[in-house]
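This report looks at how aromatic rings are arranged in one protein chain, and at the charged side chains that accompany some of them.

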Amino acid sequence: MLVGRQDEVQRLADLVGAARRGNGGVLVLRGEPGIGKSTLLDHVRQAASGFMVIEASGSEFESELPFAALHQLCVPVRADLPDALRVAFGLATGRPQLFQVGLATLELLGQAAKDRPVLCLIDDAHWLDDASAKALTFLARRISSEPIAMVFAARYGLEELPSLVLDGLPDADARALLQATLDEQVRDRIVAEARGNPLALLELPRAGGFAPPDTSTITSRIERSFQARLDGLSEEVRLLLTLASADPTGDPNLLWTAAAQLGIEATAGGAAEASGLVEFGTRVRFCHPLARSAVYRAADAGLLHTVHRALADVTDAATDPDRRAWHRSQSGTGPNEDIATELEDSASRARSRGGVAAAAAFLERAAALSADNSKRVDRTFAAAQAKLDAGATDAAAALLTTVETKALDERTRAKADLLRGQVAFVRHGDSNGPTFMLHAARRLADIDPAWSRTCFLDALEMAMVVGRGSGVMDVVLHAARSAPPAADILDALVLLNTSGHKAAAPALRAVLADSTTWTRRPALATMVAGELWDIDAHMAIVEWLMKTGRQSGAPMVLRLGLAQGALESALTGDLSKAVDAIAEEEALADAIGAPSMTYPRLFVTALRGRRDEATELIETATTVAKAKGIGQLVANVHWSAAVLHNGLGDYPAALAMAREAAAAGDLFLAGAAMPELVEAAVRCGEYDLATSALESLTERTQASGTPWGLGLAAYSRGMVTGDEDDYRAAIELLADSPGRPYRARAHLLYGEWLRRQNRRLDARAQLRTAHELMSTMGMEAFARRASDELRATGAQARSRATNSLDELTMQETHIARLVATGATSKEVAARLFLSPRTIDAHLRNIFRKLGITSRRQLRDLPDLR
C-alpha cells in the first residue's frame, strides 16, 4: 500500500480508465531520485487489469545506442514488425526516418490495442537514447483516440508532455513509512534529513550514522547507502555486482558467460542477491537505478576495465557489434586504432539507422582513442558535426575547442571554420555564422575554388535568414566579389547588389532556367524567383521540392516544398490549396518535433483578413524571430501585417509595417512590400514616400518583365498619378497573370478611384468584379472593402453563402478535403502521421460542425470541390 500518494494514484487511475474507454493519454512522473516514480509505475502495472502491459527503461550506459529503448518496448508486442521498425532495430537494411518509425510504432500498438487496451511503462526516461525519446514522444502525442496509456518516469526531460511532479511526503506519512521499531529521536532525524524522499527514508538508516552533519545531496547519500552494502562482501561477489552494473542489457546468459571468463563461481550469485542490490532471474535487475550507478561508481578504474573487457569478449561481434565496440572502448587499452575504427563503423551504422546522437558518442570516443593526430582531428570534427545534427549545439562547440588549429593546414582550418559557422548559426542570437563561413571561403579560395564558392553560398543563405537589415548579407556579397567568376547564383546576386535589377535580371533568369544550378540551393532560388515576380519558375522549384521530398523522405526538403507551395497558392488565389499545404507541413513538423514554418500560415491569415488570428500569429512570430535572430521572419511578419492592415483599411498601421519590410531589403520580401507601401502611403497622404516606393517597384518590375510584376507597378502608379490608363493597364496585364488576388485588388483600386471621380456606374462594375473575385478566394477583409465601396455608390454587393468550412481548423479542412477526394482513413493517417482511429475521431468532429453524417455528404459539399 502506497503511503501519501492518494492524489497521484487517482491521476493514474483516471489515465488508465480513460484508455480503457478508448481515450488514450500520457503522463510523465517527474521528480528527484528515490521520490517514488518507479513505485508508482509498479502500482499502475498491478492496477491495470485486462491491459497488455509493455515496458522499457532508459539506461545510463545504453543511451548511445539508437532505438535501444524502443526495441525493448516493441519486440514483445509482435514478432512480425513493420518494415520501418525492422530497419530502426538493425534487422533490415535502410535508412529510417523518425516520423516513419513513430508511425510504425503507432500502427503496431494500435493493432495490439484492438484486442485489449495497452499500457506502456517507461522507467528512467531521462536516460532514453535520443532516437527512442523522439519516437516515443511522437507516439505519446498521437494516442488520444487509441486505447493506449503511456506512463514515463523521469528526473528531467520530456517537457512537452503532460507531467506530474512528485514532491516529498509530508512528515506524518514519512513517519508512517519508517519502521515503528526505530527510536523516536532517530526517526525524527531521518524524517528531517530525508525531506520526504521515500527511498531516502528507507536507505538513510543504512548510510552510516549521522555524525558529523552531512551536507551532501540526498541522491549521493542514497548512493552511499547502497555502496555501504558492498562492505563485507567478498571480492568475487563485488566483481560479479560490478560486472552486472556494467551490462545494460540485463541478459543473464551474457552475464554468466562473462562471469565464468573472470573465474566467478555461480555460488557468488546467492551472496549478491542477499545484499538486496540485485536479482538474478529471466533478467538481471538492480533494486533501483541508483543502486546500479552506486555499484559502478564504487569500482576503481582497473576493475571497470576488467569487466568491460570481459563483456566485450563475450558480446557477439556479428549480432551486436556496436555494444561490443563500446565495451572495448571502455576497457582501458589507451590509444587503439583498431577500437577507434570499430567505433567509427558503429557511428556509421547508428547514423544509417537515424541515431545521430549515438553516432556522435561513438565518434567522440573514437577521437579520444586515436593515436594519430590527423585522425583524431577528423574524428573530432565528425563528432562535432553529429552533435550539431542531433541538436547538441553546446556540446558541438565544446568539442571544437579541443582542437588546436594553429598546427593545422588551411583546408583543415577551413573545416573548423565551417563547423564553427554552423554552430553560431544555430545558436540563438549569434550572428557570426556567415562570418565563419567567409573565413572558410577565403582560406579555400586558392586551394579549392569550388569549395570556396560553396562556402560563400552557405554564408549567403545564412545571411538571408539572419536578415539583410543586420548588414551581414551586404558584407557577404562584398566579400564574394573576390571569388573567381562563374555563371551561378552567387555571381548573379553579387551583380544585383552592385549594379541593380536591370543589370542583374538576365543573370538571375539564367540561374532559374538552369535546374542543375537551383536544385543545389532551392531555398535561395525561391527567393530569386520571387524577386523577379516569376511565378512559373517558382512553381517549377516547388514541384521539384515536393517530388524530391516525398521520394527521398527528407523532411526538410518536403517541408520547404509545402511551405513555399502554400505561399505560391496564396499568391495565386487558391487559399484552399494553401491551407492543405500548411496543414501537412505542420503535421510533418510535429512528427519530427520541430517548430512549424510560420510564414505561410501568417500570410494566408493576413490575406483572409482575419484580424484576431493574424494578430496572435504576428505577436508569436515576432517573439520567436527576435529571440532566434531570424530577420527574414521579421520581414515576413511586416509584409503580412501590411497586407492585413491594407485589407482592413487601417492604412497608418499598414504604412508602418510596409515601411519596415521594404527598408529591410530582403530578397523578394522588400519588393513584395512595395505595392503595400505605395497604397498605404497614398491613403495616408505621404506622397513623397509613395513616389519613392513606386520608383523602386518600377525598377524591379521592369527588370523582371513579367505581367504580374508590371501589373502591380501599373496599379501602384495609378494610385500615385491618378492616371486612369494605369489602372486599365494593370487589369489587362494581371488578366494574363496567375496572381488573382492582385488582379482583384487592381479592380478594387480602380473602382475606388472611379467612385472618387463620381463615376458611380463605372465604379460599380469594377467593384462588383473585385468583390466577386475576393469573396470566391476567401479574401474576407478586402471583400468587405469592396462591399463598403459598392454601398457608397448606391449599390449592394451580392450576398455570398457562408463557407461551410469556416468552422473547421486548418487540419480538419485538410482532412475533409482528402476524404472528399475518396481517401481512406488509413491513407489520410499516413499523410498526416496520425492513426486511422484519430482520423475517424476528427471526421466525427467535422461531421458535427458541418451538420452532416457521412463521407458521401462530405463529397457533395460544394466548398470541397
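A charge is taken to sit over a ring if NZ of Lys or CZ of Arg is within 6 Å of the ring centre and within 35 degrees of the ring normal. In this predicted model, the charged end of arginine 683 sits over the ring of tyrosine 651, 5.8 Å from its centre, and arginine 142 lies over the face of phenylalanine 138, at 3.9 Å from the ring centre.

Across the whole structure, a search finds 12 aromatic pairs, including the two set out below.

| Aromatic pair | Centre to centre | Angle between planes | Class |
|---|---|---|---|
| Tryptophan 533 and tryptophan 708 | 5.5 Å | 70° | edge-to-face |
| Phenylalanine 603 and tryptophan 639 | 4.3 Å | 20° | stacked |

The edge-to-face pair links distant parts of the chain, 175 residues apart, with tryptophan 533 in the loop between helix H28 (522-531) and helix H29 (535-552) and tryptophan 708 in helix H38 (residues 707-721). Tryptophan 533 is buried, with a relative accessible area of 4%, and tryptophan 708 also counts as buried, at 5% relative accessibility.

In the stacked pair, phenylalanine 603 belongs to helix H32 (residues 598-608) and tryptophan 639 to helix H34 (residues 631-648), so the contact ties together parts that are 36 residues apart in sequence; both residues are buried. The two pairs belong to one aromatic cluster, formed by Trp533, Phe603, Trp639, Phe668, Trp708 and Tyr742.

As for the domain assignment, it gives domain 1 (6-165), domain 2 (171-213), domain 3 (229-330) and domain 4 (810-864), and the centres of domain 3 and domain 4, taken over C-alpha atoms, are separated by 54 Å.

Technical notes:
Residues numbered from 1 in each chain as written. Predicted model: local features only at pLDDT ≥ 70, side-chain atom pairs only at ≥ 80, totals over all residues. Heavy atoms only, no water. Domains from an automatic or database assignment. Phe/Tyr/Trp six-rings, centres within 6.5 Å; stacked < 30°, edge-to-face > 60°. Helix = DSSP H or I, 4+ residues; strand = E, 2+ residues; numbered from the N terminus. Buried < 20%, exposed > 50% of the residue type's maximum accessible area, 1.4 Å probe, protein only.
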